[in-house]
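The following explanation is intended to be read with the sequence and the model side by side. It proceeds from the loops to the packing of helices and ends with the protein as a whole.

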Amino acid sequence: MAEYKFSVIIPAYNCADTIKNAVDSVLNQSYDNFELIIVNDGSTDSTADILKEISISDGRVKTFYQENSGPAEARNFGIKNSSGDYVLFLDSDDKFTAGAFEKINGDLNNNETQMLIFGFSQIFTDSGKRKDYCFDSMYAEKLSDIGGRFGALYRSDVLNQVWNKAFSRKMLTDNNIVFPDLKYGEDRIFCARCLKHARGIKITDEILYDYIIDSSLSLISGWYDKKFYACNEIYREFSTLSDMCGIQNDKRDIKYMYMKSVLSCLTVLYSKKCKLSRSGKRKENEKIISSDEISRILDIKFDNPRDEIIRRILISKNPALSSMLAKTVVFVQENMTSLFLKLKS
């Protein structure tokens, strides 16, 4: 069996409390044909000192520094400085499961695979509760071979992240695939572009990554003025992928995921993280809800009554209704987390 070299890339920003555990999950792997590239993204805490100590103690670790530019630029920097056959990503507060690299290498040997997708567990720090995300194991020589299952694959939430995948470095460099300069959705757009070019896409239902959530932090992302723009870009990317799979007429799953992202744009306006004034929030709400793209894309009815109510509110272009919906979601998230997670799935 061939042994592929992995380039594992970690963007690190003010992660002194978690980076050691993330790094150990790589260094303690039984499969050791890898390089670990850590890009310190302008940290202002003791992250740099910890990284210096780590790199001195293990020659497989390469540390770099850049001015704070965000995880997308840090990952792009890591790709440029990588030398492995495959690129893997790890967030500084997460970890790979024990034996993950052995299993990844085995999966890559079974086929000519340029993109491997594996499952992950969502783990909450306070309760230790976990929820697994995965999709049925399958292999496709090219994206179009996935066919009618593509919508269900997208809804399974395993296509949204980069850290539950292994990417052929040659595929990335040959097609100049990089992370776009966005603060939301850059992972999803990167994955979409990889799916478009990959020759050999393998999915395994094995859980190989732990996505760790600090339960004290809000599950609603922060305000970003280009988030709605990013949502529309993501929809266009995945709509194109859907067309490539032969699903031109019924894009129900793709449109459902778009609806979730638009709702997310509205909820961040009314979360504690958003520092806009009341008038600023109202203005942004009206700008989003008045977009013709929403009514054009959400032109189908959903069977689930909850989803259909949300769809109707969004296409109504009624700022009062949309703000009420968003505020309700925020209230549930902040006061009834278990219910929020159930409704979110």
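**A guided reading of the predicted model**

Asn 14 is located in the loop that joins strand 1 (6-12) to helix 1 (19-27). The model is a predicted one, and the backbone at this position deserves attention. Most residues other than glycine have a negative phi. Asn 14, however, has a phi near 45°, a positive value in a residue that is not glycine. With a relative accessibility of 31%, Asn 14 counts as partly exposed, because buried residues are those under 20% and exposed residues those over 50%.

A second positive phi is found at Asp 157, where the angle is near 70° and the residue is again other than glycine. Asp 157 belongs to the loop between helix 5 (150-155) and strand 9 (165-168). Its relative accessible area is 15%, and Asp 157 is therefore classed as buried.

Ser 69 offers another loop position, between strand 3 (61-66) and helix 3 (71-80). Its relative accessible area of 42% makes Ser 69 partly exposed. Along the sequence, Ser 69 and Asp 41 are separated by 28 residues, yet their C-alpha atoms lie 6.5 Å apart in space.

The next element to consider is helix 7, which covers residues 186-197. Twelve residues at 1.5 Å a residue should span 16 Å, and the C-alpha atoms at the two ends of helix 7 are 17 Å apart, so expectation and model agree. How many residues of helix 7 are buried? Nine of the twelve are, and the helix is thus mostly covered. The buried set consists of Glu 186, Asp 187, Arg 188, Ile 189, Phe 190, Cys 191, Ala 192, Cys 194 and Leu 195.

Attention now turns to helix 9 (residues 252-267) and its surroundings. Lys 260 is placed in helix 9, and its relative accessible area of 25% makes Lys 260 partly exposed. The C-alpha atoms of Lys 260 and Arg 311 are 9.5 Å from each other, although 51 residues separate the two along the chain.

Arg 311 also appears among the contacts of Phe 302. Phe 302 sits in the loop between helix 11 (292-297) and helix 12 (305-315). Is Phe 302 buried or exposed? At 7% relative accessibility, Phe 302 counts as buried. Leaving aside residues up to four places away in sequence, Phe 302 touches Arg 252, Lys 255, Tyr 256, Met 259, Asp 307, Glu 308 and Arg 311. Of these partners, Tyr 256 is 46 residues from Phe 302 along the chain, with 8.3 Å between their C-alpha atoms.

Helix packing can be examined next. Two packed helices are described by the angle between their axes and the distance between the axes. For helix 9 and helix 13 (residues 319-335), the angle is about 85° and the axes are 9 Å apart. Angles of 65 to 115 degrees count as roughly perpendicular, and helix 9 and helix 13 are therefore roughly perpendicular to each other. On the side of helix 9, the contact involves Leu 263, Leu 266 and Thr 267; on the side of helix 13, it involves Ser 322, Leu 325, Ala 326, Val 329 and Val 330. By class, the residues in this contact of helix 9 with helix 13 comprise six nonpolar, two polar and no charged.

Helix 13 also packs with helix 10 (residues 278-289), at an angle of about 110° and with the axes 10 Å apart. Helix 10 and helix 13 are therefore roughly perpendicular as well. Asn 285, Glu 286 and Ile 289 of helix 10 meet Pro 319, Ser 322 and Ser 323 of helix 13. This contact of helix 10 with helix 13 has two nonpolar, three polar and one charged residues. Ser 322 is listed in the contact of helix 13 with helix 9 and in that with helix 10.

These elements can finally be placed within the whole. The protein contains 14 helices and ten strands. Its C-alpha atoms fill a box of roughly 60 × 45 × 35 Å along the principal axes. A compact globule of 345 residues would have a radius of gyration near 20 Å, and the 20 Å of the protein agrees with that. Of the 345 residues, 53% count as buried. Among contacts with a separation of 6 or more, 78% are between residues 24 or more positions apart.

Conventions. Residues are numbered from 1 along each chain as its sequence is written. This is a predicted model: local features need pLDDT of at least 70, side-chain atom pairs count only at pLDDT 80 or more; totals for chains, interfaces and linings use all residues. Side-chain values use heavy atoms; hydrogens and water are left out. Axes are lines fitted to C-alpha atoms, for helices over the stretch in contact, and angles run from 0 to 180 degrees between N-to-C directions. Helices (H or I, at least four residues) and strands (E, at least two) are DSSP runs, numbered from the N terminus. Angles under 35 degrees count as roughly parallel, over 145 as roughly antiparallel, 65 to 115 as roughly perpendicular and the rest as oblique. Contact means heavy atoms within 4.5 Å. Ala, Val, Leu, Ile, Met, Phe, Trp, Tyr, Cys and Pro count as nonpolar, Asp, Glu, Lys and Arg as charged, and the others, Gly among them, as polar. The expected span of a helix is 1.5 Å times one less than its number of residues. Buried means under 20% relative accessible area, exposed over 50%, partly exposed in between (1.4 Å probe, protein chains only). The radius of gyration is taken over C-alpha atoms; the globule rule is 2.2 Å times the number of residues to the power 0.38.
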